[in-house]
Amino acid sequence: MPASDPAKRPAQVLDSLTTSVLTFDDRLQLQWLNPAAEELFAVGLRQGTERSLGELFPGRTNLVHQALGVLAQPRVVSEREVWLQCPSETGHLVDVTLSPLPLDDGDHLGLLAEVTLSDRRSRIAQEGRRLEEQRALHRVIRGLAHEVKNPLGGLRGAAQLLAAHLSDPELAEYTDVIEHEVDRLLKLLEQLQGPRSGAEHGPVNIHEVLERVRRLAAAEAPEKVTITSDYDPSLPEATGNFDQLVQVFLNLATNAVNAVSDRNQGRVTLRTRVVRNYTIEGRRHPLALRVEVADNGPGIPEAEHSQIFYPLVTSRAEGRGLGLSIAQDLVTTHGGVINLKSRPGETVFQVTLPLKPPASEPGGSDEGSQAQ
């Protein structure tokens, strides 16, 4: 294998970083940004050169003043937990480091900005805890279901034998009730046990999945609810099971429709994006597929965020509390993860699925993505 050109090594390193790196001239006009910054700020290099530091960090005049101070008196300054409002996003907390950068002519100083996501470590830890809790809970449920199914089967058989010896039709109705309720409980136990393993995975066009979901959800949605799509046409195919992915996003879309069904202008949006260097369970994936199901409903109280994916947890009187639990199980079997962002007027369920095999080094650094 030929050795790489040493002259190209710095550019390759910058392109591979998960930290967003941007350079500005002495007027704080953007000159260059790496792929992680393109993802985070949702802007390409060609369009970005028309942006200034103040335009990339709207409303952060203090950050602009600090940048001007770095140019006037060269030093390194850092600002923690800066709120960054992103296009079509709820925004992120980021840490920003500003450093002086000599320009090509050597007589002027520009600016080097390094931007990292403040919440990425806590997100990874939170996802890990949730997945471990999910596995532990499912072990308990599987054991309980195994113990309960046998007596339920015996109860159903006894009801059938009893019905065969009853001549009174009115009494037979009671045995029918017993059989019906036993069957209902057995079906519930199967759902609680989660999806069956062994489903075939293959190339899947995620937009075909989402269009199927959009049609199914629209058929059941009230007339005042609008279901729209915002797709990234450049997405490559993912690897997965078509029917299972339809079930995942149909569960999420149905919940979103229910959340906005009593609004005059309820809106549900299906959105796709690519994210880079995304870490799932300590493994870094160079490329990942992000699907968001967003609605403009009342939001989910923060106190419920940690329990929302548990089975039998629901805020709807008619709900069974299985939709999100099943969706998370299916996403986990695809090597992905579901995250929730919610505030009054906006709830977003983010499903992230790896597009390529993970990097060989576990525990790699996290993402410079658009929607972490």
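**Salt bridges, sheets and cores in a predicted model**

Student: In this predicted model, is D95 buried or exposed?
Tutor: The relative accessible area of D95 comes to 15%. The limit for burial is under 20%, so D95 counts as buried.

Student: Which residue meets the side chain of D95 in a salt bridge, and what strand does that residue lie in?
Tutor: The side chain of D95 meets that of R80 in a salt bridge, at 3.4 Å from N to O. D95 lies in strand β4, and the pair ties together parts that are 15 residues apart in sequence, because the other residue, R80, lies in strand β3.

Student: Is R80 buried or exposed?
Tutor: For R80 the relative accessible area is 62%. Exposure requires a value over 50%, so R80 is classed as exposed.

Student: In what order do the strands of the open sheet of 5 strands follow one another?
Tutor: The pairing in this open sheet is antiparallel, and the twist from one strand to the next averages 25°. Strands β2 (30-33) and β3 (77-84) stand at the edges with a single partner strand each, so one side of each is left without a neighbour in the sheet. The order that places them there is β2-β1-β5-β4-β3.

Student: Which helix packs on this sheet, and about what angle does its direction make with that of β4?
Tutor: The helix is α5, residues 61-72, and it touches β3, β4 (92-102) and β5. The direction of α5 and that of β4 make an angle of about 20°.

Student: Which residue of β5 stands opposite S20?
Tutor: Strand β1 (residues 20-24) pairs with strand β5 (residues 109-117) in the antiparallel sense, over 5 bridges. S20 falls within the range of β1, and the residue opposite S20 in β5 is V115.

Student: How many bridges join β9 and β10, and how many join β10 to β12?
Tutor: β10 takes part in both pairings, and 10 of its 13 residues are buried, so β10 is largely enclosed by the rest of the structure. With β9 it pairs in the antiparallel sense, and R276 has L287 in β10 as its bridge partner, one place in a pairing of 12 bridges. β10 and β12 also run antiparallel, with E292 opposite Q350 in β12, and the number of bridges joining these two strands is 8.

Student: Which residues are linked with R271 in a network of salt bridges?
Tutor: The side chains of R271 and E292 meet in a salt bridge at 2.5 Å from N to O, linking strand β9 to strand β10 across 21 residues of the chain. R273 forms a salt bridge with D230, the closest N and O atoms being 2.9 Å apart, and this pair ties together parts 43 residues apart in sequence, because R273 lies in strand β9 and D230 in strand β7. Linked with R271 in the network are therefore D230, R273 and E292.

Student: Among D230, R271, R273 and E292, which residue counts as partly exposed?
Tutor: R271 and E292 are both buried, and R273 is buried too, with a relative accessible area of 17%. A relative accessibility of 26% lies between the limits of 20% and 50%, so the residue with that value counts as partly exposed, namely D230.

Student: Which helix supplies the largest share of the largest nonpolar core?
Tutor: This core has 40 residues, and those with the most contacts inside it are I206, F249, L252, V268 and L289. Among the elements that each supply at least two of its residues are α8 (206-220), α9 (242-260), β9 (266-280) and β10 (283-295). The largest share, 9 residues, comes from α9.

Student: How many residues does the other core have?
Tutor: This core lies apart from the largest one, and F41, L71, V77 and V94 are among its members. Its residue count is 26.

Student: Is G336 buried or exposed, and what is its relative accessible area?
Tutor: G336 sits in the loop between α10 (323-333) and β11 (337-343). Residues more than four places away in sequence that G336 touches are I280, V331, T352, L353 and P354, and its C-alpha atom is separated by 9.3 Å from that of E281, 55 residues apart along the chain. G336 is classed as buried because its relative accessible area is 3%.

Key
Residues are numbered from 1 along each chain as its sequence is written. This is a predicted model: local features need pLDDT of at least 70, side-chain atom pairs count only at pLDDT 80 or more; totals for chains, interfaces and linings use all residues. Side-chain values use heavy atoms; hydrogens and water are left out. Helices (H or I, at least four residues) and strands (E, at least two) are DSSP runs, numbered from the N terminus. Buried means under 20% relative accessible area, exposed over 50%, partly exposed in between (1.4 Å probe, protein chains only). Contact means heavy atoms within 4.5 Å. A nonpolar core is a set of buried Ala, Val, Leu, Ile, Met, Phe, Trp, Tyr and Cys residues joined through side-chain atoms within 4.5 Å. Two strands pair if DSSP finds at least two bridges between them. Axes are lines fitted to C-alpha atoms, for helices over the stretch in contact, and angles run from 0 to 180 degrees between N-to-C directions. A salt bridge is a side-chain nitrogen of Lys or Arg within 4 Å of a carboxyl oxygen of Asp or Glu.
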